[in-house]
Amino acid sequence: MRTRGSHGWREIDADAKRTIIDSIVRGTAPRGPFHLEIDLSDRCNVDCYFCNAMDVRTKEQVPLARVVEILDEIAPKGLRSVRFAGGGDPLFHREIENVLDAVHEKGLVIDNVTTNGLGLTPGVAQRLVAGQAREIVISLNTSDAPDYARMMQVKPAVFDKVVANVERLVAIRGEAPRPCLVIQFLLDRTSYPKMREMYELARQL
């Protein structure tokens, strides 16, 4: 069974969990943080028509130096895991490989990365597997290149590149239990008849 992300809950011991729960009951802040979510970048390499961040997207990203500064500040306080999200695609960060290295150098677990998969390069995939990331969510959204082009507003060939990136990640992972891979789809008026094809593609990948 694959081990999926847990918002850091699996990375802390029973005593720390008890402390957190007791703090919630008392209405006080627990020590920590134990889990950190970083919105790495507003930048994105696709243009999904349904994106809720499209109208406020910028070309900004959190500089690598700032990521390192944040980790240096809170890792000694008990930080165990990190989730990468954002208004854009976290793997589209210009220094994503260095960001992943910085997290791993602190002995932290990447609990979750949600991405369109286009930035899942060999270097990124190798780092996510070597660091035993818990969960990678790929927003593939549909089952074929023409529909992908319609939804993501990119060239159809991008679909094939993303599929190849996912296949390479799975090959690098091999029989290891991590990272767990989640393929995410979107149903709209055009794509919903393709539910079976989506399911079959996800199983194949």
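Modeller: Let me start with a term: a polar contact is a pair of N or O atoms within 3.5 Å; within protein, one must be able to donate a hydrogen and the other to accept it, and residues adjacent in sequence count only if both atoms are side-chain atoms. Please keep in mind that this is a predicted model, where local features need pLDDT of at least 70 and side-chain atom pairs count only at pLDDT 80 or more, while totals for chains, interfaces and linings use all residues. Residues are numbered from 1 along each chain as its sequence is written, and side-chain values use heavy atoms, with hydrogens and water left out.

Colleague: Thanks! What does the side chain of Asp188 reach, and at what distance?

Modeller: The backbone nitrogen of Ser191, at 2.8 Å. That value lies within 3.5 Å, so the pair counts as a polar contact.

Colleague: What makes Asp188 buried?

Modeller: Its relative accessible area is 14%. Buried means under 20%, exposed over 50%, and partly exposed in between (1.4 Å probe, protein chains only), so Asp188 qualifies as buried. You will find Asp188 in the loop between β5 (180-185) and α7 (195-204). Helices (H or I, at least four residues) and strands (E, at least two) are DSSP runs, numbered from the N terminus.

Colleague: Which residues is Asp188 in contact with, leaving aside neighbours within four places in sequence?

Modeller: Tyr49, Arg150 and Met151. Contact here means heavy atoms within 4.5 Å.

Colleague: Let's follow Arg150, then. Why is Arg150 called partly exposed?

Modeller: The relative accessibility of Arg150 is 31%, which falls between the two limits, so the label is partly exposed. Arg150 sits in helix α5 (residues 145-152), and its side chain makes a polar contact with the side chain of Asp147 at 2.7 Å. Not counting residues up to four places away in sequence, Arg150 touches Tyr49, Asp188, Thr190 and Ser191.

Colleague: How do you know that His93 is buried?

Modeller: His93 has a relative accessible area of 2%, under the limit for buried, so the term applies. The place of His93 is the loop between β2 (81-85) and α3 (96-105). Its contacts beyond four places in sequence include Leu40, Gln61 and Val99.

Colleague: What is unusual to look at in the backbone?

Modeller: Arg178 and Pro179 are joined by a cis peptide bond, with omega about -5°, and Pro179 lies in the loop between α6 and β5. Asn141 is not a glycine, yet has a positive phi of about 75°. Asn141 belongs to strand β4 (residues 135-141) and, at 4% relative accessibility, counts as buried. Gln153 also has a positive phi, near 55°, in a residue other than glycine. Gln153 is partly exposed at 44% relative accessibility, in the loop between α5 and α6.

Colleague: And the whole chain: how many helices and strands does its secondary structure hold?

Modeller: Seven helices and five strands, in the order α-β-α-β-α-β-α-β-α-α-β-α along the sequence.

Colleague: What makes the chain as compact as a globular protein of that length?

Modeller: The radius of gyration is 18 Å, close to the 17 Å that the globule rule gives for 205 residues, so the chain is as compact as a globular protein of that length. The radius is taken over C-alpha atoms, and the rule is 2.2 Å times the number of residues to the power 0.38. Of the 205 residues, 47% count as buried.
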